[in-house]
Amino acid sequence: LVGDFAAKWWGTKRIDYALYCPDALTAFPTVALPHLFHASYWESTDVVSFLLRQVMRHENSSVLELDGKEVSVFTPSKPREKWLRKRTHVKLRNVTANHRINDTIANEDGPQTLTGRFMYGPLDMVTLTGEKVDIHIMTQPPSGEWVYFDTEISNSSGRISYVIPENRRLGIGVYPVKMVVRGDHTYADSYITVLPKGTEFVVFSIDGSFAASVSIMGSDPKVRAGAVDVVRHWQDLGYLIIYVTGRPDMQKQRVVAWLAQHNFPHGIVSFCDGLVHDPLRHKANFLKSLITDLHMRIHAAYGSTKDISVYSSISLPPTHIYIVGRPTKKLQSQCQFITEGYAAHLAQLEYNHRSRPAKNTTRMALRKGSFGLPSQTEFLRKRNHLLRTISSQPSATSGSAGHRPERTQSQSDSDKERDRERSQRSMSIATGCWGRSAASRLESGLLGQK
């Protein structure tokens, strides 16, 4: 039986796995470590889902594949054409795309507007000006075809704004969006979520809620233990998950890829429109627009102490504001501090029945999945793109090679180094799940910045 499964799943290939060993366990006797590993990690749904993704080869897994249907493979509906402007070809030489579309929320009876920005190079050095961008939407997810809607011309700041016509309005649901640059077929992915009025949501501040450590050297910020489970808990209760951050939208691909890598539940992600002087005000204005313009209801919010003023400004009671950090007497009455970690917090939510199912969700089919847009997994995989946009990291010293073999890989762009990386990929396949691969280290260089 085992032989049959091996033949079907792996063929002639082999999957090697390694178990990540936290520093705290190095003091334990070696003979006891296998039992500790197998007793903890094989009970983790995140590890199981990671292994299933490797075995089943679902590289393009996404929130839309939970019905057992395959997502339609996208092919551009329009062939590549010459640029409308002669200068464009020169401007885009040797730079990589950093396009992004804002996650959109709309009411079923309100305007449905898509906005995107099309930029190239590190830190948005080159703007796509006066060129065609084709707009596609999957109108019948998860297995529906990509439908071409229209073509827009980018303005002087590389922006596109498109209002879905009245006769093609989308009903309640979550729809993938793809905008494709006609001249080179680079593209950006996003979602438009159409909601009924009164939809309840839970907010998480990415920097304040999730990152347990941030390295100025650009290594992958560690996720606070249990953070994913708390987000999944609220998603399972039927709440729309909304992630807010004060980071500029130029970091969208990196941040969403980081969320996908750590298996965070799917949700709306809000970024600032470029660099802003007051990111807290941006967060507050975004949440206010959801409540006043889209008639949504906030149920709970998570963040750091700096986010208390944001959540208080939208009249959220202190009992529903959960703050990660050291309690202070001054702020004690303004929020609920999470002092013993997310696992203890989740246990309290369940034991005290403080988290009720979301109301007004009978007509809403929010899919309970994780991030996993094809473009994000592809973004993590494209080392060349990352190497062009982020400065190279120094390779690890030989002294640490015995403990973390994947860190000995050079950050060089040469073919020789890439070949060596491919030969070592099997050894670091599981450690990559924990955010320790070279790709995630490079990808999160900007993510690790405050």
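Strands β9 and β10 form a hairpin in which five residues lie between the two strands. Within that turn, His185 has a positive phi of about 60°. The model in which this hairpin appears is a predicted one.

The two arms of the hairpin deserve a closer look. Strand β9 covers residues 173–181, and β10 covers residues 187–195. The two strands run antiparallel and are joined by eight bridges. One position at which the reader may follow this pairing is Met179, which stands opposite Ala188 in β10.

Strand β10 also has a second partner. Strand β2, made up of residues 104–107, pairs with β10 in the parallel sense, over four bridges. Here Ile105 stands opposite Thr193 in β10. Strand β10 is thus joined to β9 in the antiparallel sense and to β2 in the parallel sense. Is strand β10 mostly covered or mostly exposed? Eight of its nine residues are buried, and the strand is mostly covered.

A helix offers a further example of a covered element. Helix α6 comprises residues 227–236, and eight of its ten residues are buried. These buried residues are Ala227, Val228, Val230, Val231, Arg232, His233, Trp234 and Gln235. The list includes the charged-letter entry Arg232 alongside Val230 and Val231, each of them buried. After α6 comes Gly238, whose phi is positive, near 100°.

These elements belong to a larger whole. The protein chain has 450 residues, of which 49% count as buried. Its secondary structure comes to 15 helices and 16 strands. Among the contacts in the chain with a separation of 6 or more, 71% are accounted for by residues 24 or more positions apart. The parallel pairing of β2, at residues 104–107, with β10 can be viewed with that figure in mind. As for the surface, the chain exposes about 22,500 Å², and carbon and sulfur atoms supply 53% of this area.

The cysteines complete the account. A disulfide is a covalent bond between the sulfur atoms of two cysteines. How many disulfides does a search of the whole structure find? The search finds zero. Two cysteines may nevertheless be located in covered positions. Cys272 has a relative accessible area of 1% and is therefore buried. Cys335 likewise counts as buried because its relative accessibility is 3%, the cut-off for a buried residue being under 20%.

Conventions: Residues are numbered from 1 along each chain as its sequence is written. This is a predicted model: local features need pLDDT of at least 70, side-chain atom pairs count only at pLDDT 80 or more; totals for chains, interfaces and linings use all residues. Side-chain values use heavy atoms; hydrogens and water are left out. Buried means under 20% relative accessible area, exposed over 50%, partly exposed in between (1.4 Å probe, protein chains only). Two strands pair if DSSP finds at least two bridges between them. Contact means heavy atoms within 4.5 Å. Accessible areas come from the Shrake-Rupley method with a 1.4 Å probe; for residues, only the protein chains shown count as cover. A disulfide is a pair of cysteine sulfur atoms within 2.5 Å.
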